[in-house]
Amino acid sequence: MIEVVLNDRLGKKVRVKCNEDETIGDLKKLVAAQTGTRADNIRIQKWYNIYKDHITLKDYEIHDGMGLELYYN
């Protein structure tokens with residue numbers, strides 16, 4: 001179980017607990033449940049790398065306590 005911190009740069013930080021074998025799409029669903037936005041309107045990225053929905057957190061080497069950027073489409 002890892003904890004990922006997502007920051008939307010507008011004053012909202014979301015902490016999500018998930019497993020490393022979950023996909024980015026699953027992470028978006030967990031973020032959507034906490035923020036109240038729809039999962040298909042969320043984009044997760046780090047610098048200029050936009051993360052794809054079907055790839056797991058382990059493949060992207062996302063570890064416990066890592067911070068990601070949260071954007072709304």
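The protein has 1 helix and 5 strands. Read from the N terminus, these elements follow the order β-β-α-β-β-β. The radius of gyration is 11 Å, close to the 11 Å that the globule rule gives for 73 residues, so the protein is as compact as a globular protein of that length. The model is predicted.

**Overall dimensions and surface**

- Taken along the principal axes, the box filled by the C-alpha atoms of the protein is roughly 25 × 25 × 20 Å.
- Of the 73 residues in the protein, 37% are buried.
- The protein has an accessible surface of about 4,700 Å², and carbon and sulfur atoms contribute 48% of that surface.
- Among contacts with a separation of 6 or more, 52% join residues that are 24 or more positions apart.
- The protein carries 12 positive and 12 negative side chains. The centres of these two sets lie 6 Å apart.

**The annotated domain**

- UniProt lists residues 2-73 under "domain: Ubiquitin-like", in an unreviewed entry.
- This span, residues 2-73, is 17% helix and 35% strand.
- The C-alpha atoms at the two ends of residues 2-73 are 26 Å apart.

**Strand E1: Val 5**

- Val 5 is part of strand E1.
- The relative accessible area of Val 5 is 13%; buried means under 20%, so Val 5 counts as buried.
- Beyond its neighbours within four places in sequence, Val 5 is in contact with Lys 13, Val 14, Arg 15, Met 66, Gly 67 and Leu 68.
- Of these partners of Val 5, Val 14 has a number that falls within strand E2 (13-18).
- Val 5 and Gln 45 are 40 residues apart along the chain, and their C-alpha atoms are separated by 12 Å.

**The loop between E1 and E2: Asp 8 and Arg 9**

- Which loop holds Asp 8? Asp 8 is in the loop between E1 and E2.
- Arg 9 is found in that loop too, between strand E1 (2-7) and strand E2 (13-18).
- Is Asp 8 buried or exposed? Asp 8 has a relative accessibility of 7%, and therefore counts as buried.
- Arg 9, by contrast, has a relative accessible area of 55%; exposed means over 50%, so Arg 9 is exposed.
- Asp 8 is in contact with Leu 70 and Tyr 72, leaving aside its neighbours within four places in sequence.
- The C-alpha atoms of Asp 8 and Leu 68 are separated by 8.8 Å, although the two residues are 60 residues apart along the chain.
- Arg 9 is not a glycine, yet Arg 9 has a positive phi of about 65°.
- Most residues other than glycine have a negative phi.

**The loop between H1 and E3: Thr 37**

- Thr 37 is located in the loop between helix H1 (24-35) and E3.
- With a relative accessible area of 28%, Thr 37 is partly exposed, because this class covers values between 20% and 50%.
- Which residues does Thr 37 contact, leaving aside its neighbours within four places in sequence? They are Ala 32, Ile 42 and Tyr 72.
- Thr 37 and Tyr 72 are 35 residues apart in sequence, and their C-alpha atoms are 8.6 Å apart in space.
- Tyr 72 is a contact of Thr 37, and Tyr 72 is also a contact of Asp 8.

**The loop between E3 and E4: Trp 47 and Tyr 48**

- Trp 47 is placed in the loop between E3 and E4.
- Tyr 48 is in this loop as well, between strand E3 (42-46) and strand E4 (49-50).
- Trp 47 has a relative accessible area of 63%, which is over 50%, so Trp 47 is exposed.
- Tyr 48 also counts as exposed, at 77% relative accessibility.
- Trp 47 has a positive phi of about 55°, and Trp 47 is not a glycine.
- A positive phi is thus found at Trp 47 and at Arg 9.
- What distance separates the C-alpha atoms of Tyr 48 and Glu 22? They are separated by 22 Å, and the two residues are 26 residues apart along the chain.

Notes:
Residues numbered from 1 in each chain as written. Predicted model: local features only at pLDDT ≥ 70, side-chain atom pairs only at ≥ 80, totals over all residues. Heavy atoms only, no water. Helix = DSSP H or I, 4+ residues; strand = E, 2+ residues; numbered from the N terminus. Rg over C-alpha atoms; globule rule 2.2 N^0.38 Å. Buried < 20%, exposed > 50% of the residue type's maximum accessible area, 1.4 Å probe, protein only. Contact = heavy atoms within 4.5 Å. Areas by Shrake-Rupley, 256 points an atom, 1.4 Å probe, with all protein chains shown as cover. Lys, Arg positive; Asp, Glu negative; His and termini not counted. Charge placed at Lys NZ, Arg CZ, Asp CG, Glu CD. UniProt positions renumbered as here; feature names shortened; annotations may be inferred.
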